[in-house]
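Work through the exercises below with the sequence and the 3D view at hand. Each task is followed by a solution in steps.

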Amino acid sequence: MNKEKLWTKEFIIVSTINFLATLVFFLLMVTIASYAKSEVVASTSTAGLVSSIFIIGSLIGRISAGRFIGQKGPIKILWIGLTLFTITSGLYFLANSISLLLANRLVQGIAVGIIGTATGTIVAHILPSARKGEGIGYFSLSAILATAVGPFIGILLMKMDNGFTIMFTMNLVLSIICILFFAAVKLKLPPIKQPDKTEEKTSILSQFIEPKAVPISFIALIIGFSYSGVMTFLSFYAESINLVSAASYFFLVYAIVIIFSRPFTGKLMDSKGANIIVYPCIVLFAIGMFLFSQASAGWMLLLAAAFIGFGYGNFNSVAQTIAVKVTEPHRFGLATATYFILFDLGLGVGPYVLGFIVPETGYRAIFVSMVVVIIICIPLYYLLHGRKDKELIKTAL
């Protein structure tokens, strides 16, 4: 019976570490550009680079962690990530030039990429097989909550006297708490069968990504690309359609829907497979995006948030679970890294590409076109994974 237990001390602590690291990530994402402009006297473009270079670092961290977790184990790799995270949190007090600030942001991005990949891998190992979908759903909620809480705290602190000093102090304290939490837990991962050396060295590429996780991760890339415009252009779009007040509640509704639906979708996936969740999620995401593109009243915008939260939000946890379930246990680290590398790539490239198109077409046309992109994911998912969902997962297990 103990093997089926989900809410263990280890699971709670690892999820909390992921929450705190992600919180700091999003807190700084919305504030560090202002700090660079006001305190380090950076230009607008340089301040933007100070913010976005973190994403580059995170990508480097995920690629590196995915590779070395298989060699050193996720526990040692997480220690490295947490140590880097704490050091860079403290160095914000000394980063009084653009070059130092950029370097520190890059290294901290690497640290967060390592932490995210290592915690995801550890959770994949310690969760019982029969409850992986449910467990990863709960685990991913830690990041969802952080995306809402982090920016809220950051904007609140920016309005205070000595707000940046308080912010950096809080970040350092949170990073130390992560280390103390991790030191307090004695993690014992289940024994993992290691394959023959000849099997492991099939190609250079397979040492950095997990090929079996690529199909579902590619779908996640497209889904992330479709959502990126909402995340980036919401405030501008809301202003253009005179719905700024309703837009301020958009992510609150989005988060609430995910929080209440995630436990049910995770359990359903574990008992019935991924397809019963993925197909409805893609359809609901498309409906939400269409409502979003046509919003002319506050209730339409918030209804769109609910549909997008259920569709897009639940697709993410299911897709991450699939990436792990189709992979052998000794490559969970690479599978987790592969998923987030492609998913983050979609989120990162989307605003850049769409930003070129918006001046020519306007926001509504962009979001309508994303409905088409989302719908295309239905047959694409069927071809790449859906038609063989149960067979692939049974083979891996």
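**Exercise 1. Decide whether N162 is buried or exposed, and place N162 in the chain.**

Solution. Note at the start that the model is a predicted one.
- Step 1: the relative accessibility of N162 is 61%.
- Step 2: a residue is called exposed when its relative accessible area is over 50%, so N162 counts as exposed.
- Step 3: N162 sits in the loop that joins helix 6 (132-158) to helix 7 (163-183).
- Step 4: the backbone of N162 has a positive phi of about 55 degrees, although N162 is not a glycine.

**Exercise 2. Find the loop that holds N242, and describe its phi and its exposure.**

Solution.
- Step 1: N242 belongs to the loop between helix 9 (214-240) and helix 10 (244-247).
- Step 2: its phi is near 60 degrees, which is positive in a residue other than glycine.
- Step 3: with a relative accessible area of 69%, N242 is exposed.

**Exercise 3. State how many helices and strands the protein has, and judge whether the fold is as compact as a globular protein of its length.**

Solution.
- Step 1: the count is 16 helices and zero strands.
- Step 2: the protein has a radius of gyration of 21 Å, and the globule rule gives 21 Å for 397 residues.
- Step 3: the two values are close, so the protein is as compact as a globular protein of that length.
- Step 4: along the principal axes, the C-alpha atoms fill a box of roughly 55 × 50 × 40 Å.
- Step 5: among contacts with a separation of 6 or more, 85% are between residues 24 or more positions apart.

**Exercise 4. Describe the surface of the protein and its charges.**

Solution.
- Step 1: 51% of the 397 residues count as buried.
- Step 2: the exposed area of the protein is about 17,700 Å², and 70% of it comes from carbon and sulfur atoms.
- Step 3: there are 28 positive and 16 negative side chains.
- Step 4: the centres of these two sets lie 6 Å apart.

**Exercise 5. Check the span of helix 4 and of helix 5 against the expected value.**

Solution.
- Step 1: helix 4 covers residues 74-91, which makes 18 residues.
- Step 2: at 1.5 Å a residue, helix 4 should span 26 Å, and its end C-alpha atoms are 26 Å apart, so the two agree.
- Step 3: the buried residues of helix 4 include P74, I77, L78, G81, L82 and F85.
- Step 4: helix 5 (residues 98-126) has 29 residues and reaches 42 Å from its first C-alpha to its last, close to the expected 42 Å.
- Step 5: helix 5 is mostly covered, with 22 of its 29 residues buried.

**Exercise 6. Compare the surroundings of N171 and F182.**

Solution.
- Step 1: N171 lies in helix 7, and F182 lies in helix 7.
- Step 2: N171 is buried, with a relative accessible area of 0%.
- Step 3: F182, at 3% relative accessibility, counts as buried, since the cut-off is under 20%.
- Step 4: leaving out residues up to four places away in sequence, N171 touches V24, L27, L28 and S89.
- Step 5: with the neighbours of F182 up to four places away left out, F182 touches I13, I17, I75, L78, W79, L82, I122 and L187.
- Step 6: L78 and L82, which F182 touches, are buried residues of helix 4.
- Step 7: F182 and I98 are 84 residues apart in sequence and 33 Å apart in space, C-alpha to C-alpha.

**Exercise 7. Set out the position, exposure and contacts of S34, then those of F315.**

Solution.
- Step 1: S34 is placed in helix 2 (residues 32-38).
- Step 2: its relative accessible area is 30%, so S34 is partly exposed.
- Step 3: beyond its neighbours within four places in sequence, S34 is in contact with E39, M158 and F164.
- Step 4: F315 is placed in helix 13 (residues 298-325) and is buried, with a relative accessible area of 1%.
- Step 5: not counting residues up to four places away in sequence, F315 touches I219, A220, I223, V278, C281 and I282.
- Step 6: from F315 to R262 the C-alpha distance is 9.8 Å, with their positions 53 residues apart in sequence.

Methods:
Residues numbered from 1 in each chain as written. Predicted model: local features only at pLDDT ≥ 70, side-chain atom pairs only at ≥ 80, totals over all residues. Heavy atoms only, no water. Helix = DSSP H or I, 4+ residues; strand = E, 2+ residues; numbered from the N terminus. Rg over C-alpha atoms; globule rule 2.2 N^0.38 Å. Buried < 20%, exposed > 50% of the residue type's maximum accessible area, 1.4 Å probe, protein only. Contact = heavy atoms within 4.5 Å. Areas by Shrake-Rupley, 256 points an atom, 1.4 Å probe, with all protein chains shown as cover. Lys, Arg positive; Asp, Glu negative; His and termini not counted. Charge placed at Lys NZ, Arg CZ, Asp CG, Glu CD. Expected span 1.5 Å × (residues − 1).
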